[in-house]
Amino acid sequence: MVFNFMQKRLEKTIRKVQSKGLLSKENIEDILKEVRLILLESDVNLKVTDDFISFIEKKAIGKVIDTDRTSSQEILRIIYDELVNILGKEAKKWNFQSRSIVMMVGLQGSGKTTTVAKLVNNLFKKEKRYKNPLIVALDIYRPAAIDQLETLAKKINVAFYAERAEKDVLKIAKNALEFANKNNHDLIILDTAGRLQTDQKLMTELQMIKKIFIPTDIIFVADGFSGQEILNVAEEFNNKLKLSSIIVTKMDSNAKGGAIFSLAYWLKIPISYLGMGEKIANLEIFYPNRIASRILGLGDIETLTEKAQELGNEKAQEKMFRKMMAGKFDLDDLLVSMEQLSKMGNLGAITRLLPSFGKLRNLSEDKINSAQTKLEVYKILINSMTNKERKNPRLLKHQKRKERILKGSGRTAQEYNDLLRQFEKMQKQIMQLSKVLKAGKIPDLSKIGNGFF
Ligand SMILES: Nc1nc2c(ncn2[C@@H]2O[C@H](COP(=O)(O)OP(=O)(O)OP(=O)(O)O)[C@@H](O)[C@H]2O)c(=O)[nH]1
Ligand SMILES: [Mg+2]
């Protein structure tokens, strides 16, 4: 997950700040020493770390001098603001043109080819901003590169240009441009070759391709696992090609992310998207404020809400909420909510988007995996029940029905009993929650999720 390492390490320090209420100059200095260490451990570049700390120090100590002591909330706010600043201030909006030519560059294996497909899918299919995209294969060195790209282009049903017999990449580039002009392609996206190091031959080739196409966007693809050396590599690409943005891939992994954290600040080039998995749909817009919230353990409610909204089922959710508030919640509702949860992605990823209230955060991978398995088992069991049983869970106590469901689902009696117990517990919790909400009070959210974790 995005900057998970940094977030985990920071959590204790942030809690310490929050517990203090008021802070003196000495407190602040101690905390900043800790934060500095954590950033360095997370692989954040030394100069970026020092810039970050000295900025916060100046602002925070200024507050103390103004007001004698200052509140921990204010210090957290300063840290948050500066995090956002380092990460690039605002999300980079895509530079829409009547015709865009996008060139994807980066080191070998960084994720260029995969990202070509993700980006076309995002701009053309999701945002529906272009009418006629074309994917061009300009990596003629790795034997399987053209086939890999063609498979991806077919998957998203987009036009594809390659010349398998031609050995001169610049010739292919010129022909591809002519082809794009003739066929009125309005989004032309170029997959280029990667190398282990930034060698001169590759750079010259990329510069020549740039001259031929005059791209509207040159995107540097960086692997989230990269260490500090990525800063120099990116700088070299930028000097030679003038990059317009950066896409960081493999951020679904356990990469520390510190080097990436420094990238936007170091080069003053925005990060536009994050690659969050191998699938074509796994591309997220990079929002500095949301990432800063996640790093500080303040949660990312906006992304969570968006994910829920992407399911496009607000009406159904509203209906379910009303049912819950009326104390009516049956196994069908449970099934629907479990299915929605699965559609939103993996449970671990979802809990990490939540603010650090209650016990849902800080769950171990083991617990999350076992909850995910339970969800699947419960879904299978409920799917083997009749509509009548789902609406009226009391029927499920009958031995005959139980036997039939166990046989149909292939699950064990223990799993069946577990489901019924959890369901009853959930019903009770929902009743309590609805009473609290109806009385206009704030509910204790720490109890939510008891059924699964
Ligand atoms: N988990 C994960 N894997 C990714 C992501 N992006 C790419 N990959 C994987 O990383 C590997 C390399 O991706 P490619 O797209 O082939 O990388 P490339 O930069 O085109 O590589 P070359 O053409 O050899 O230079 C593949 O196995 C991809 O599936 C991502 O966001 N998350
Ligand atoms: Mg490739």
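## Strand S3, helix H8 and their surroundings

Seven of the seven residues of S3 are buried, so this strand is largely enclosed by the rest of the structure. The model described here is a predicted one, and the enclosed strand S3 (100-106) serves as the starting point because helix H8 is covered in part by it.

**The strand and its partners.** In a regular strand the side chains alternate between the two faces of the sheet. In S3, Ser100, Val102, Met104 and Gly106 point one way, while Ile101, Met103 and Val105 point the other way, and all of these residues are buried. S3 pairs with S6 in the parallel sense over five bridges, and isoleucine 101 has isoleucine 188 of S6 as its bridge partner. S3 and S7 also run parallel and are joined by five bridges, with glycine 106 matched to valine 221 in S7.

**Helix H8.** The 14 residues of helix H8 (residues 200-213) should span 20 Å at 1.5 Å a residue, and the C-alpha atoms at the ends of the helix are 20 Å apart, which agrees with that expectation. Which residues of H8 are buried? They are Leu202, Leu206, Ile209, Lys210 and Phe213, a list that includes a lysine. Seen down the axis of H8, these buried residues fall within an arc of 105°, so they line one face of the helix. The face turned away from this buried side carries the exposed residues Gln200, Lys201, Thr204, Gln207 and Lys211. The buried residues of H8 are covered by elements that include the strands S3, S4 (133-138), S6 (187-192) and S7 (217-223), together with the helices H7 (169-182) and H9 (229-241). Strands S6 and S7, the parallel partners of S3, are thus among the elements that cover the buried residues of H8.

**Positive phi outside glycine.** H8 is followed by isoleucine 214, whose phi is positive, and lysine 268 likewise has a positive phi although it is not a glycine. The table sets out the two residues with their phi values, the loops in which they lie and their exposure.

| Residue | Phi | Loop | C-beta atoms within 10 Å |
|---|---|---|---|
| Isoleucine 214 | near 45° | between H8 and S7 | 9, exposed |
| Lysine 268 | about 55° | between helix H10 (258-267) and strand S9 (271-275) | 8, exposed |

Because a residue counts as exposed when 12 or fewer other C-beta atoms lie within 10 Å of its own, isoleucine 214, with 9 such atoms, is exposed, and lysine 268, with 8 C-beta neighbours inside 10 Å, is exposed as well. Isoleucine 214 lies in the loop that leads from H8 to S7, and S7 is one of the elements covering the buried residues of H8.

**The shell of ligand 1.** There are 21 residues around ligand 1, of which Gly111, Thr113, Thr114, Gly194 and Gly275 come nearest. By class, the shell consists of two nonpolar, 13 polar and six charged residues. Helix H5 (residues 112-126) supplies the largest share of this shell, namely three residues.

**The protein as a whole.** The secondary structure comes to 19 helices and ten strands, and buried residues make up 36% of the 453 residues in the protein. Among contacts between residues at least 6 apart in sequence, 77% join residues at least 24 apart.

Conventions: Residues are numbered from 1 along each chain as its sequence is written. Chains are lettered from A and ligands numbered from 1 in the order in which they are written. This is a predicted model: local features need pLDDT of at least 70, side-chain atom pairs count only at pLDDT 80 or more; totals for chains, interfaces and linings use all residues. Helices (H or I, at least four residues) and strands (E, at least two) are DSSP runs, numbered from the N terminus. The expected span of a helix is 1.5 Å times one less than its number of residues. A residue is buried if 20 or more other C-beta atoms lie within 10 Å of its own, exposed if 12 or fewer, and partly exposed in between; C-beta atoms are placed from the backbone. The arc is that of the directions from the helix axis to the C-beta atoms. Two residues are in contact if their C-beta atoms, placed from the backbone, lie within 7 Å. Two strands pair if DSSP finds at least two bridges between them. A residue is near a molecule or strand if its C-beta atom, placed from the backbone, lies within 6 Å of it. Ala, Val, Leu, Ile, Met, Phe, Trp, Tyr, Cys and Pro count as nonpolar, Asp, Glu, Lys and Arg as charged, and the others, Gly among them, as polar.
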